[in-house]
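Biologist: I'd like a close look at one part of this protein, the nonpolar core. Could you take me through it and then set it against what sits on the surface?

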Amino acid sequence: NASVKRARQVLGLFFQFMKFGLFTFGGGWSIVAQMQQEFVEKRGWITEEELLDFTSVARSLPGIMIANTSLIFGYHMAGVPGALLTALGTVLPPLVIISVISAFYAAFRDNRIVSLVLKGMQAGVAAVIASVVITMATGVLRQKRVLPVCIMLGTFAASAFLNVNVVICILACA
């Protein structure tokens with residue numbers, strides 16, 4: 001019955017990532033915040049450092065950061081089937097939603113209520129992303145290692161003030 005248990009785990013991961021994709025607005029970093037809450041704090045399946053490692057690797061790969069993160073996490077938890085189903089669970093809801101919205105784009109484009117709702121969502125997403133950045137930066141600072149702190153601060157400065165792509169900064173430091 002180990003195969004039944006593994007199938008349940010993989011399907012559970014699929015539905016969890018589908019929930020992230022369906023109910024989390026704001027892109028990759030807001031889903032990372034949900035992953036942190038669900039898999040680090042609530043279930044204890046991974047540590048904050050592992051999540052930071054997953055997202056760091058995912059950002060350095062080509063493609064969508066959260067799809068890459070879900071692939072890495074799924075592989076970590078359940079091998080190739082876990083990787084495939086977590087990635088599918090992540091991208092399927094937005095794909096369906098965007099397909100429906102694009103079919104009715106003209107009606108949504110000029111709707112004042114929809115515009116106001118999206119503005120409100122931007123404020124919420126900004127708060128979620130700020131929370132993730134603070135939590136992850138605190139983890140790096142707690143290590144009290146000079147090189148990671150310098151890389152973090154240098155990457156932030158290059159991105160914020162010089163409009164340099166963060167991936168280029170990371171590759172330059174590697």
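Modeller: Here is a walk through the core, a few residues in and around it, and then a patch on the outside.

Keep in mind that this is a predicted model. For orientation, the protein has eight helices and zero strands, so the pattern along the sequence reads α-α-α-α-α-α-α-α, going by how helices and strands are assigned. The C-alpha trace spans about 55 × 50 × 30 Å along its principal axes. Of the 174 residues, 29% are buried.

Now the core itself. The largest nonpolar core has 21 residues, and the members that touch the most other members are Val32, Met35, Phe39, Ile46, Leu51 and Phe73. The elements that each supply two or more residues to this core are α1 (2-23), α2 (28-42), α3 (48-60), α4 (65-103) and α6 (112-142). The top contributor is α2, with six residues.

Take Val32 as a way in. Setting aside residues up to four places away in sequence, Val32 touches Leu51, Thr55, Met65, Ile66, Val132 and Met136. One of these, Leu51, is also on the list of core members with the most partners.

Next, have a look at Thr69, which sits in helix α4. Thr69 counts as buried because its relative accessibility is 0%, and the cut-off for buried is under 20%. Beyond residues up to four places away, Thr69 touches Met35, Phe54, Thr55 and Ala58. You've met Thr55 already, as a contact of Val32, and Met35 is among the core members that touch the most others.

Ile72 is in helix α4 too. What about its cover? Ile72 is partly exposed because its relative accessible area is 22%, while buried would need a value under 20%. Leaving out neighbours within four places in sequence, Ile72 is in contact with Phe54, Val57, Ala58 and Leu61. Two of those names, Phe54 and Ala58, also turn up among the contacts of Thr69. If you want a distance to check on screen, the C-alpha atoms of Ile72 and Thr55 are separated by 8.7 Å, and these two residues are 17 apart along the chain.

Over to helix α1, where you'll find Leu13. Leu13 is buried, with a relative accessible area of 2%. Apart from residues up to four places away, Leu13 touches Trp45, Phe73, Met77, Ala78 and Thr86. Phe73 is another of the core members that touch the most others. The pair with Thr86 is worth clicking on: Leu13 and Thr86 are 73 residues apart in sequence, yet their C-alpha atoms are 6.0 Å apart in space. As for the protein as a whole, among contacts between residues at least 6 apart in sequence, 52% join residues at least 24 apart.

Finally, the outside. The accessible surface comes to about 11,000 Å², and 68% of that belongs to carbon and sulfur atoms. Leu22, Phe23, Val96, Ile97, Val100, Ile101, Phe104 and Phe108 form a nonpolar patch on the surface, with about 700 Å² of accessible area together. The elements giving two or more residues to this patch are α1 and α4, and α4 gives the most, with four. Phe108 lies in helix α5 (residues 105-109) and is partly exposed, at 35% relative accessible area. Both α1 and α4 also supply residues to the core, as well as to the patch.

Note on methods
Residues numbered from 1 in each chain as written. Predicted model: local features only at pLDDT ≥ 70, side-chain atom pairs only at ≥ 80, totals over all residues. Heavy atoms only, no water. Core = buried A, V, L, I, M, F, W, Y, C linked by side-chain atoms within 4.5 Å. Buried < 20%, exposed > 50% of the residue type's maximum accessible area, 1.4 Å probe, protein only. Contact = heavy atoms within 4.5 Å. Patch = residues over 30% accessible without salt bridge, like charges linked within 9 Å, V, L, I, M, F, W, Y side chains within 5 Å. Areas by Shrake-Rupley, 256 points an atom, 1.4 Å probe, with all protein chains shown as cover. Salt bridge = Lys/Arg side-chain N within 4 Å of Asp/Glu carboxyl O.
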